[in-house]
Amino acid sequence: MRIGISCYSTFGGSGVVATEVGKALAARGHEVHILSPSVPPRLLGFEDHVFFHEVNASPYPLFENAPFSIALASKMADVAEHHGLEVMHAHYAIPHASAALLARMALDHRMKVVTTLHGTDITVVGSDPSYLSMVRLAIRASDAVTAVSEYLRDETLRTFQVDRPIAVIPNFVSPPEGPLPDCRAWLAPCNASVLVHISNFRPVKRVMDVMKVFEQVQVEHPCRLVMVGDGPDRPEAEAYARERGLSDRVRFTGKQLDIATVLACSDVFLLPSATESFGLAALEAMAHQVPVVASRVGGLPEVVRHGVDGFLEPVGDVRAMAEDVLTLLRDRTLRQRLGASAQERALTTFAEGPIVDQYETLYDQVLNPPKPTVDFGAHPR
Ligand code: GMT
């Protein structure tokens, strides 16, 4: 098949998933064209059957903001026309799905549109009145729609009051590639334990809860906190670390491509989000045998089993999360047991191969829909 994949290039789960799906499909021999404002972080190096197309919205004095959605739709139509794309897979509804529908019109429906909903495109920004009607149209008019968790599918049906099938195709992870450098010695000297948080530091991630959990834990157990990523709430978290005298125990790494090295030397992963449709970062931690302490919210319970792969607590319950972390840090056997079961779950239930199969089957279905059966009624004799 010849497949277009449209996604954001910022550090974030939807771009990661889109790129990994694209690479996996290319490895199966499909021709994959990735469209994005810049090269997505996971699209490193040269990959056979993968082609990248940069989307640029040219400025013009009349524009207050150059219309990215139109430039994206235009690029989709051009790439589809010149490379004979059969399917455009839009990751994140705004604006990728709407742009794909425009491109499909421009191509007189010679290309199918598959939309994958990721999370805040439904739960936060997508339900904002300034976007809602177009997100609803994108959901109704795509040839197929997928959601990354059952929670997100149900939220989509409820919020947008649409009546159409939405396939749940969860996110996936690959086994860690080793050997990885051992950074524990310099990250956490004197055998201190390592807590880690990875996100885009937006309000939905509640990074101040991460700081407060760590603050409580470090009073009772020697540990360090590694904060990976960047975003609007990083300055507040850094200020908190300074004001509370925690700076020598908290390391803000900024955005990192090599999260595997950090995860390989971490003891607990923290994800106290206000909402999370899936929690890809938690799944990546699990793949590295790192148990997760997270909020019991959204799709997280579909990924992390409470008491089996980690612990889930109500949103904002910093005390309970700190207790869970201490339980894990104090009991090495428990931590190893939860870490092992987390890894087993990540690499079986969320293994790349069977999940990419589901996308491949879906493309096949939109390209070759079952023929409607014609009922000629009973023949009168
Ligand atoms: O919503 C975001 O934080 C951004 C979005 C993305 O584009 O990275 O993340 C969402 O999609 C990820 C990949 O499917 C999921 O793992 C995240 O849970 C989801 N984020 C939220 O629901 C907050």
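A polar contact here is a pair of N or O atoms within 3.5 Å; inside the protein, one must be able to donate a hydrogen and the other to accept it, and residues adjacent in sequence count only if both atoms are side-chain atoms.

## Ground rules

This is a predicted model, where local features need pLDDT of at least 70 and side-chain atom pairs count only at pLDDT 80 or more, while totals for chains, interfaces and linings use all residues. Residues are numbered from 1 along each chain as its sequence is written, and side-chain values use heavy atoms, with hydrogens and water left out.

## Who touches the ligand

Let's start with the polar contacts. A polar backbone atom of S277 is 2.8 Å from a ligand oxygen. Side-chain N or O atoms join in too: one in R202 is 2.3 Å from an oxygen of the ligand, and one in H118 is 2.7 Å from a ligand oxygen. On its own the ligand has 470 Å² of accessible area (Shrake-Rupley, 1.4 Å probe), and the protein covers 95% of that.

The shell around the ligand (residues with a heavy atom within 4 Å of it) has 17 residues, and G13, S14, T120, R202 and E276 come nearest. By type, that shell splits into 11 polar, 4 nonpolar and 2 charged residues, with Gly counted as polar.

## Two domains, one ligand

An automatic or database assignment gives the chain domain 1 (2–172 + 351–367) and domain 2 (184–348). Their C-alpha centres lie 30 Å apart. Their contact (heavy atoms within 4.5 Å) takes 21 residues from domain 1 and 19 from domain 2.

So where does the ligand lie? Between domain 1 and domain 2, because both give residues to the shell around it.
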